[in-house]
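Reader: I am in my first year and still learning how to read a structure like this one. Could you take me slowly through a single part of it, and then show me how that part sits beside the rest?

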Amino acid sequence: MSAATTSNSPSKWLVLPHYAFAAVTFVVLCLLLVFSTDSFGGHYFHPKLLTMTHVAALGWATMIIFGSVYQLLPVVLEVRLYSDKLGMVAFAMLSTGTILLSIAFWNFWVGTIMHLAACLLFVSFLLFAYNVVQTARQVKKWG
């Protein structure tokens, strides 16, 4: 196997928005933690705790994972990413779904907004998985 090369790296406009959104989300999470200390003394099923959990899991961790995979997978596998456009659509859906879900949890709106957010998140995960699988299928067979 040859040394890793960055010639197959995707556009910076695919990767950087993931990291930027994750950074902003982390700051928002820190602010929510500071200004929601009253929610830590009660039951774990508290709208503010649900919000903070999903902001951390979806807005911070998942965004970092998506951005990292989009950056590293093509370099490690030595192929081009299947589709930068598909990655941007997945990013738009993941970020919009995270924001809508956070708003729905914070206000405890169990209804249309929460369902729309869940659908956006689900489709973003499917698009991400499809993009990753199609990228991996480009790898040439051994010997």
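Author: Let us begin with Ser36, which in this predicted model has a relative accessible area of 1%, and because buried means under 20%, Ser36 counts as buried. Ser36 is found in the loop between α1 and α2, and, once its neighbours within four places in sequence are left aside, Ser36 is in contact with Lys48, Met52 and Trp106.

One of these partners, Met52, leads on to the nonpolar cores. Met52 belongs to a second, separate core of 5 residues, which also includes Leu29, Leu49 and Val55.

The largest nonpolar core, by comparison, has 24 residues, and those with the most contacts inside it are Met63, Tyr70 and Leu101. The elements that give two or more residues to this core are α1 (12-35), α2 (47-77), α3 (84-107) and α4 (112-136), with the largest share, 8 residues, coming from α3. To follow one of its members, Tyr70, we again leave aside neighbours within four places in sequence, and we find Tyr70 in contact with Pro10, Leu14, Val15, His18, Leu81, Gly87, Ala90, Phe128 and Asn131.

Finally, a word on the cysteines and their surroundings. Cys30 has a relative accessibility of 31% and counts as partly exposed, and Cys119, at 49%, is likewise partly exposed, since that class lies between the 20% and 50% limits. As for disulfides, the count comes to 0.

How values were computed. Residues numbered from 1 in each chain as written. Predicted model: local features only at pLDDT ≥ 70, side-chain atom pairs only at ≥ 80, totals over all residues. Heavy atoms only, no water. Core = buried A, V, L, I, M, F, W, Y, C linked by side-chain atoms within 4.5 Å. Buried < 20%, exposed > 50% of the residue type's maximum accessible area, 1.4 Å probe, protein only. Helix = DSSP H or I, 4+ residues; strand = E, 2+ residues; numbered from the N terminus. Contact = heavy atoms within 4.5 Å. Disulfide = S-S within 2.5 Å.
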